[in-house]
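Thanks for coming. I have one structure to go through today, so please have a look at it while I talk.

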Amino acid sequence: MASRKIVIDPITRIEGHLRIEVEVDENNVVTEAWASGQLFRGIEMILKGRDPRDVGLIAQRICGVCTNVHYRASISAVEDAYNIALPKNAEIIRDLVTLALFVQDHIVHYYHLHSLDYVDVVSALEATPEKASQVAKAYHEHPYLSSAEHLKSVQEKLDSFVKAGRLGLFANGYWGHSSYKFTPEENLVHMSHYLEALNIQREMSKAIAIFAGKTPHPQNLVVGGVTSVADMLNPQRLNDFMFILKETRDFIERAYIPDIKMAVKAYKHEIKSGFGRGSGNFMAVGGYSFGKSEQLFEGGVIYAHDFKTIDDFDEAYITEEASRSWYEQDAPLSPYDGETTPFYTDLNDDGSLKTEGKYSWVKAPRYKGRPMEVGPVARMIMGYSKGSKTIKPYMQNFMDATGLELVDFSTTLGRNAARAVESQVCCDHIFDFCSELIENIKYYDEETWTKYVFEALPSESKGRGIFEVPRGVLSHFVCIEDAKISNYQAVVPTTWNASPKDASGIRGPYEESLIGITLADPSNPLEVLRVVHSFDPCLACAVHVMDIKGNDIGQYKINASCAI
């Protein structure tokens, strides 16, 4: 039998519009893959000619999920261009909001965007609640809301949805697929925590809004500092923030981490077979300093899973090219010189991608000419390999409990394990940032903004804001001429991970991680979703669309069998 192509469009349970095409051989093994961002992001063009002080409120509209981090990176790029140093309190408040977003994002990703690739919802209806309660206790002495009575009520709720035909989100899944490995009881425990995570994400939104003003699209940042001064000086506001984080930490310790350990045990055969493993190139920039010398994340670059050899990160080696992307400029360029002129070459007559030419709105960022995987797995591997005091103990505890090796995190389920461990790290250490803020205020340091006179600032300059954010390395680059923005480029985590092939034909991380996986049923490609979802895609960040005349850009047909 000749090879054949499978198309999944759109990939759902992500932010934005992503199309995946894979080619499989006669044994249903993926031999080639293409990742295509399906809408154009024009924010860079919208920013040209604007006052640099307005950049944050516009750039944060790149995405409706990652608003805080784009807001911060864009404001920081302008501060870097003008060499404006932040007061320590402003830095801490920015860190508190961002780290709270890390925790919220990771919980939402696993339970609401990704867990259904592992959890068979319908199977949970066959579980024995008493037995499921005991299963939960095997992973934690005091599991989160896992009594037999509670699990029975969850099961009854799911059953009522089925009988009433109101499964909603759960209606179009691959239930009964042979790739599902959880027992009915394990599925029921996961579904219980799925529902509880809805409450957790709501409370975390409240925590973020305490210092950010609101979420999404916060309003607390300005060039030079933050505006949430009254919140910082109000003890009740800080207590409210810490109370929510304590409740969330309880969920992480008693639900999230145990559920990931459960998944590692059930799907260990996938991990050890290297399911979803990429090239092994990892990049992190580090950051989030607290105390006198502590740092939450370590920076560095790893090639080909060589965890003993770590290069220092140097932003000068970042380039973007568009030889396979729908833009005019093909050659690799520094982000400062980047161009965003659309050049759409359409699809084939049969609706498939022109895989030998341009096929995505996502550019191809490279570091020293190589694709890089970014995100929690890069940060956790980097921290462990460099002996980080804030990361290595957490990673070691998880590895000892599950039998995983460091290379095992470079797999589909391994990415989820790294994300769960990182949520522990962030949730625990966020209290160190709170303590530092309280200590500053105690000794009468209430500064939150650095004064400057805009007219006295250089009329020509350039700067960048580079941070670790939930999905990986985020960087915004701004060029200023005549006191206006002359060029702007954002290289976001999903641009790195969802990169198409480059001029040399080297695949991006999504594409490389799909090579070699076997599909149990090509008509229901659950395994493809499992791999892609493990990166926590945010295509709204990597691409964006705007038509000022209100014209239709495209039409999209959702195949019901792929709706989950």
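Let me start with one residue. Setting aside neighbours within four places in sequence, Leu514 is in contact with Ile20, Val22, Val30, Ala33, Val528, Val531 and Val532. Please keep in mind that this is a predicted model.

What does Leu514 belong to? Leu514 is among the residues with the most contacts inside the largest nonpolar core, together with Phe241 and Phe409. That core has 159 residues. Its largest share, 15 residues, is supplied by helix α9, which runs over residues 235–266. There is also a second core, separate from this one, with 14 residues, including Ile318, Val374, Val473 and Phe477.

Next, two helices and how covered they are. Three of the contacts of Leu514 that I listed were Val528, Val531 and Val532, and these residues are in α16, where they are buried. Helix α16 covers residues 526–533, and eight of its eight residues are buried, so we can call this helix mostly covered. The buried set is not made up of valines alone: Glu527, Arg530 and His533 are in it too, as are Leu526 and Leu529. What do the buried residues of α16 pack against? Their partners are the strands β1 (4–8) and β2 (18–24), and the helices α4, α10 (268–272), α13 (412–442) and α15.

The other helix is α11, residues 376–385. Nine of its 10 residues are buried, so α11 is largely enclosed by the rest of the structure. Among the buried ones are Pro376, Arg379, Met380, Met382 and Tyr384. Just after α11 comes Gly387, with a positive phi of about 70°.

That brings me to backbone geometry. In general, most residues other than glycine have a negative phi, and most peptide bonds are trans. Which residues here have a positive phi although they are not glycines? One is Leu145, at about 40°. Leu145 sits in the loop between α5 and α6 (148–163), and it counts as partly exposed because its relative accessibility is 39%. Another is Ala483, with a phi of about 65°. Ala483 is placed in the loop between β11 (472–481) and β12 (484–491). Its relative accessibility is 22%, so Ala483 is partly exposed as well.

Now the cis peptide bonds. Asp9 and Pro10 are joined by one, with omega at about 0°, and Pro10 is in the loop between β1 and β2. Thr215 and Pro216 are also joined by a cis peptide bond, again with omega of about 0°. Pro216 is found in the loop between α7 (184–212) and β4 (221–222).

I also picked out three serines, each in a loop. Is Ser123 buried or exposed? Ser123 is buried, because its relative accessible area is 13% and the cut-off for buried is under 20%. Its loop runs between α4 and α5 (129–137). The side chain of Ser123 makes a polar contact of 3.0 Å with the side chain of Asn187. Leaving out residues up to four places away in sequence, Ser123 touches Thr183 and Pro184 as well as Asn187.

Ser147 lies in the loop between α5 and α6. With a relative accessibility of 32%, Ser147 counts as partly exposed. From Ser147 to Gln134 the separation is 13 residues in sequence and 8.6 Å in space, C-alpha to C-alpha.

Ser504 is in the loop between α14 (493–497) and α15 (509–514). Ser504 is exposed, because its relative accessibility is 64% and exposed means over 50%. Ser504 and Val108 are 396 residues apart in sequence, and their C-alpha atoms are 36 Å apart.

Last, the pockets. How big is the largest pocket? Its volume is about 480 Å³. Which elements give two or more residues to its lining? They are α3 (67–81), α4 (88–114), β6 (282–290) and β10 (461–469). In total 21 residues line the pocket, and those nearest its centre are Ser76, Glu91, Arg464, Ile466 and Phe467. By type, the lining has eight nonpolar, five polar and eight charged residues.

That is my list. I will take questions now.

Notes. Residues numbered from 1 in each chain as written. Predicted model: local features only at pLDDT ≥ 70, side-chain atom pairs only at ≥ 80, totals over all residues. Heavy atoms only, no water. 1 Å grid on protein atoms, 1.4 Å probe; cavity = no way out; pocket = protein on both sides within 12 Å on 5 of 7 lines; lining within 4 Å. Points joined across faces, edges and corners; volume = space filled by probe spheres on them. Helix = DSSP H or I, 4+ residues; strand = E, 2+ residues; numbered from the N terminus. Nonpolar A, V, L, I, M, F, W, Y, C, P; charged D, E, K, R; others polar. Core = buried A, V, L, I, M, F, W, Y, C linked by side-chain atoms within 4.5 Å. Buried < 20%, exposed > 50% of the residue type's maximum accessible area, 1.4 Å probe, protein only. Contact = heavy atoms within 4.5 Å. Polar contact = N/O pair within 3.5 Å; in protein donor to acceptor, adjacent residues only side chain to side chain.
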